[in-house]
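User: I would like to go through this model step by step, with a reasoned answer to each point.

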Amino acid sequence: MRHPELVRGLLLMRITGGAFTASRLPETYYGQFIRAAEQGGMQAVCETTFYQECIQAHPANRDRLMAMDPGQYISVMRHWLAIFLQGPRVPVLGMTTDALQAIRVPTWLVPGNDLTHVSRHGREAAGLIPGCELFELPVVDQDVTALPFSAWAAHEETLATAMADFMRRVMDDGA
């Protein structure tokens, strides 16, 4: 949004939006980590499942996290949480209709199919982004909190081919 001249294209999958998502994600993204830092400092943050995965992927992340002041970490997380809570809910959390309509780079969007990534919100977002290409998989909406990406395993080749095609067209148009 701030530097469209640096972006050739935008790939979006599984848009998050709606009341259910807005009630669930503040805890997922911020609340659990704020509490961990309050109760046990950065050691407790490092022990959360999310950060354990980050540390496993890149062991140096542990040193970075442990070097942080817990008070500063909590302050930043509370600030981000406040911003998150103030933003719009539909169709995309944190994105106003004006912001979606202001996107001026080629955009390709795949709606999700669970309660966190509501397909209707993905379609609505695609309709607001000028020139957005909507790519819908032959999947059925599921009444579950969030499907893992592995639920789309049967469609990986289709997605990869479609993404590569979009990126190729964007690069050809911008060359």
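User: What percentage of the contacts in the protein with a separation of 6 or more comes from residues 24 or more positions apart?

Analyst: This is a predicted model, in which local features need pLDDT of at least 70 and side-chain atom pairs count only at pLDDT 80 or more, while totals for chains, interfaces and linings use all residues. Residues are numbered from 1 along each chain as its sequence is written, and side-chain values use heavy atoms, with hydrogens and water left out. With contact meaning heavy atoms within 4.5 Å, the share of contacts at a separation of 6 or more that joins residues 24 or more positions apart is 75%.

User: Which pattern of helices and strands does the protein follow along the sequence?

Analyst: Helices (H or I, at least four residues) and strands (E, at least two) are DSSP runs, numbered from the N terminus. On that basis the protein has seven helices and three strands. Read along the sequence, they give the pattern β-α-α-α-α-α-β-α-β-α.

User: How are the three strands ordered in the sheet?

Analyst: Two strands count as paired if DSSP finds at least two bridges between them. E1 pairs with E2 (residues 107–110) in the parallel sense over four bridges, with Thr107 as the bridge partner of Leu10. Two bridges join E2 to E3, again in parallel, and there Leu109 stands opposite Leu134. The result is an open sheet with parallel pairing, whose order is E1-E2-E3.

User: Which are the edge strands of this sheet?

Analyst: The sheet is open and has three strands. An edge strand here is one that pairs on one side only, and this holds for E1 (10–13) and E3 (133–134).

User: Are the residues of E2 that point to either side buried or exposed?

Analyst: In a regular strand the side chains alternate between the two faces of the sheet. In E2, Thr107 and Leu109 point one way, whereas Trp108 and Val110 point the other way. Buried means under 20% relative accessible area, exposed over 50%, and partly exposed in between (1.4 Å probe, protein chains only). By this criterion the residues on both sides of E2 are buried.

User: What is the relative orientation of H1 and H4?

Analyst: Two packed helices are described by the angle between their axes and the distance between the axes. The axes are lines fitted to C-alpha atoms, for helices over the stretch in contact, and angles run from 0 to 180 degrees between N-to-C directions. For H1 (residues 19–46) and H4 (residues 70–86) the angle is about 170° and the axes are 10 Å apart. Because angles under 35 degrees count as roughly parallel, over 145 as roughly antiparallel, 65 to 115 as roughly perpendicular and the rest as oblique, the two helices are roughly antiparallel.

User: How many residues of the contact of H1 with H4 are nonpolar?

Analyst: The H1 side includes Tyr29, Phe33 and Met42, and among the residues they meet on the H4 side are Tyr73, Trp80 and Phe84. Ala, Val, Leu, Ile, Met, Phe, Trp, Tyr, Cys and Pro count as nonpolar, Asp, Glu, Lys and Arg as charged, and the others, Gly among them, as polar. The contact has one polar and two charged residues, and its nonpolar residues number 17.

User: Which residue has a positive phi although it is not a glycine?

Analyst: Most residues other than glycine have a negative phi, and most peptide bonds are trans. The residue in question lies in the loop between E1 and H1, and its relative accessibility of 8% makes it buried. With a phi of about 55°, this residue is Arg14.

User: Where is the cis peptide bond?

Analyst: Pro91 is placed in the loop between H4 and H5 (97–101), and it counts as buried because its relative accessibility is 5%. Beyond residues up to four places away in sequence, Pro91 touches several others, including Ile15, Leu100, His121 and Leu128. The bond with omega near -5° is the one from Val90 to Pro91.

User: Is Asn113 buried or exposed?

Analyst: Asn113 lies in the loop between E2 and H6 (119–128). Leaving aside residues up to four places away in sequence, Asn113 touches Val139, Val140, Asp141, Gln142, Leu147 and Trp152. Since its relative accessibility is 6%, Asn113 counts as buried.
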